[in-house]
Amino acid sequence: MPGDHCDQNVVYLHGDLDLKIIEARRLPNMDLVTERLRRCFTVLDVCRKPFTRRRRKGHHHKIITSDPYVTVCLTGATVARTRVISNCQDPVWNEHFIIPLAHPVSVVEFQVKDNDVFGADYIGVAKVPAEKIISGEVIDDWFSIIGPYGKPPKPDCAIRLQMKFIHCNDNSEYNGGVSGDYGLKASYFPVRHGGSVTLYQDAHVPDGMLPEIKLDDGKIFEHSKCWEDMCHAILEAHHVVYVVGWSIFHKVKLVREPSKPLPSGGDLTLGELLKYKSEEGVRVLLLVWDDKTSHSKFFIQTDGVMQTHDEETRKFFKHSSVNCVLAPRYASSKLSIFKQQVVGTLYTHHQKCVIVDTQASGNNRKISAFIGGLDLCDGRYDTPEHRLFRDLDTVFKDDYHNPTFSVSTFYWWSITCQNITYRQFKKSIFFKQSIFSISAIYLLQDYRNDDTLVF
C-alpha cells in the first residue's frame, strides 16, 4: 500500500499543495475503557432497578468510540487540521485545503488523533514521501496508518487522500506578481474599491524629525501622527466608536505634543474622551482582553500577571453609557476542555483596532479603521527619538509601565495603518532608508497585496 515505506531524501516543497482529506477506515476504539465503564454502570443500574425500567423496543445505547481528526504536519509544523467527527471508526471528512508550502521535508505526515476531554490520543500517522508529492502528479490513494509501536493499530487501518502539488514556478500568480486589481484570491472578504491607506510610524512623529522619503512620480511621503489623528477621528465621529485591544487604559492621553489646534475635548484622557462622545449620542463599544489572573471582587483586587488594567478600565466605564466588555481568549472548540482552559488563561487575543465613522464626500460618512500595533495603554506613547529619561515630568507624566525594571519607560515601537502602495514602500524604505522595525516589515508584507485598509 502507498505510504508504507517513505524515502528519507529531503526535498524543498515550495508552492501550493491542493489537498483533500477524504476518509479513514478501521480506526481503533481509543475510548474502549470509557465504553466498558459505561456498560458496567448500566448493568449495575439495571440490577438495582429491575422493575422501574423497561427497555424500549428497538432502542440501543450509543456506543462510545473514537472521535477522530487529522492534522497535516511538515517538520513539526502543523499546516492544516480537519474537524472532529464524534463516535466513528470509519470517519468521512471530505475537507479541501490549499496549503502554501516553503518547507524542506522528506515526508508529509498525516497524524490521526482521537479528541478527548483532557487532550488528544495519538492513533497513528500516514506518511507520504515528499519526492512523490513534488513530482506534481495527482495522488489519489489509501495510505496505511502506522501506530506508535511501528505497526497499524488494526488490520487494514488506513486513510484516503487526494493531492496535487503546484510548484511556485508553475503558478502564474507567483510569477506575474500581484494582479492588477490587487485582489486576494483566497481572502475572506472581496476587494472593495475607493479605499486608501495611511501608514504610521510610532505613536507620534514631530514635524521634521524624520528624513524625507521620495516615492514614485516625484511624490514625497508625508509622515502622519497616529495618536493625534486617532484623537481627531474619535472627536469627529457621529455614529460609532469601536475599540478593540489587548490593553486599554482609560488614563492615557492621546495628544501630548499637538501639531495642530485641538477641538473641544481633545485634551481629555482616553476614558474621559470616550465618555464625552457617548454622552453626545455616539455608540461607544470597548472589547478588552480579560486577564483571568486579575480580579476586583469582594474588596480584593489583583493587578494580574500582565498588568493590563482590564478590571480598572471596566470599573471606570461601569456606570456610563460606554459599553465596556472584557473578553478572554477563547480557544478552538476542536481542543479539549482542559486545553481550552489553559489557552484562556495563558494566551491573549491581539486584535487591536479603533473603528470610527468619518467624513466622506458630500454629506456621506465612511468607516475608517486604525489597525496594527495599537496598544492604547501606559508605556506605549513614543516618537522616533525613543526618549528614555527626558520629559518624564511632562510628555510622559504618569505614563510609566515596566514590570521588569523600576526605572525608565517601557516602549513598544510599532506601526499602524491609512494612499500608498506596498511597492512604493518596498522601493523607498526597506532598501533605502531602513527606518522601520522588523515588525513593521511583517505588517507591510501582510497587506502587500491590498491597498484597501480603510473601507
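How many bridges pair β2 with strand β5 (residues 107–116), and is the sense parallel or antiparallel? β2 and β5 share six bridges, and the pairing is antiparallel. This is a predicted model, so to speak of local features a pLDDT of at least 70 is needed, side-chain atom pairs count only at pLDDT 80 or more, and totals for chains, interfaces and linings use all residues. Residues are numbered from 1 along each chain as its sequence is written, and side-chain values use heavy atoms, with hydrogens and water left out.

**View 1. Here's the whole protein before we zoom in.** You'll find nine helices and 17 strands in it. Helices (H or I, at least four residues) and strands (E, at least two) are DSSP runs, numbered from the N terminus. Of the 455 residues in the protein, 44% are buried. Buried means under 20% relative accessible area, exposed means over 50%, and partly exposed is in between (1.4 Å probe, protein chains only).

**View 2. This sheet has the strand order β3-β2-β5-β6.** It's an open sheet of four strands with antiparallel pairing. At its edges stand β3 and β6 (119–129), and each has a single partner strand, so one side of each goes without a neighbour in the sheet. Strands count as paired if DSSP finds at least two bridges between them. Look along β2 and β5 and you'll see threonine 71 with its bridge partner in β5, glutamine 111.

**View 3. Here's the hairpin of β2 and β3.** Strand β2 (residues 68–74) is joined to strand β3 (residues 77–81) by four bridges, and the two run antiparallel. Leucine 74 has alanine 77 of β3 standing opposite. Two residues sit between the strands of this hairpin, and threonine 75 takes a positive phi near 45°.

**View 4. A second open sheet has the order β4-β1-β8-β7.** Four strands make up this sheet, and the pairing is antiparallel. The edge strands are β4 (92–105) and β7 (139–144), each with a single partner strand, so one side of each has no neighbour in the sheet. Between β7 and strand β8 (residues 158–167) there are six bridges, and these strands run antiparallel. Check serine 144: its bridge partner in β8 is alanine 158.

**View 5. Now for some parallel strands: β10, β11 and β14.** Strand β10 (residues 240–245) runs parallel to strand β11 (residues 283–289), and six bridges join them. One bridge to look for is the one between tyrosine 242 and leucine 285 in β11. β11 is also joined to strand β14 (residues 323–327), this time by five bridges, and again the strands run parallel. Leucine 285 turns up here too, standing opposite asparagine 323 in β14.

**View 6. Tyrosine 200 meets phenylalanine 370.** The structure holds four aromatic pairs, and this is one of them. Their ring centres are 6.2 Å apart and their planes are at 35°, so the pair is tilted. Tyrosine 200 belongs to strand β9 (residues 200–201) and phenylalanine 370 to strand β16 (residues 365–371), so the pair ties together parts that are 170 residues apart in sequence. Rings of Phe, Tyr and Trp (its six-membered ring) pair if their centres lie within 6.5 Å; planes under 30 degrees apart count as stacked, over 60 as edge-to-face and the rest as tilted. Tyrosine 200 is buried, with a relative accessible area of 1%, and phenylalanine 370 is buried too, at 3%.

**View 7. Another pair brings tyrosine 381 and phenylalanine 396 together.** Here the ring centres are 6.1 Å apart and the planes are at 65°, so this pair is edge-to-face. Both residues lie in the loop between β16 and β17 (415–416), 15 residues apart. Tyrosine 381 is buried at 1% relative accessible area, and phenylalanine 396 is buried at 3%. Zoom out a little and ring pairs link Trp227, Tyr381 and Phe396 into a cluster.

**View 8. Helix α4 sits among its surroundings.** Trp227 of that cluster is also one of the buried residues in α4. Nine of the 10 residues of α4 (residues 226–235) are buried, so the helix is largely enclosed by the rest of the structure. Among the buried ones are Cys226, Glu228, Met230 and His232.
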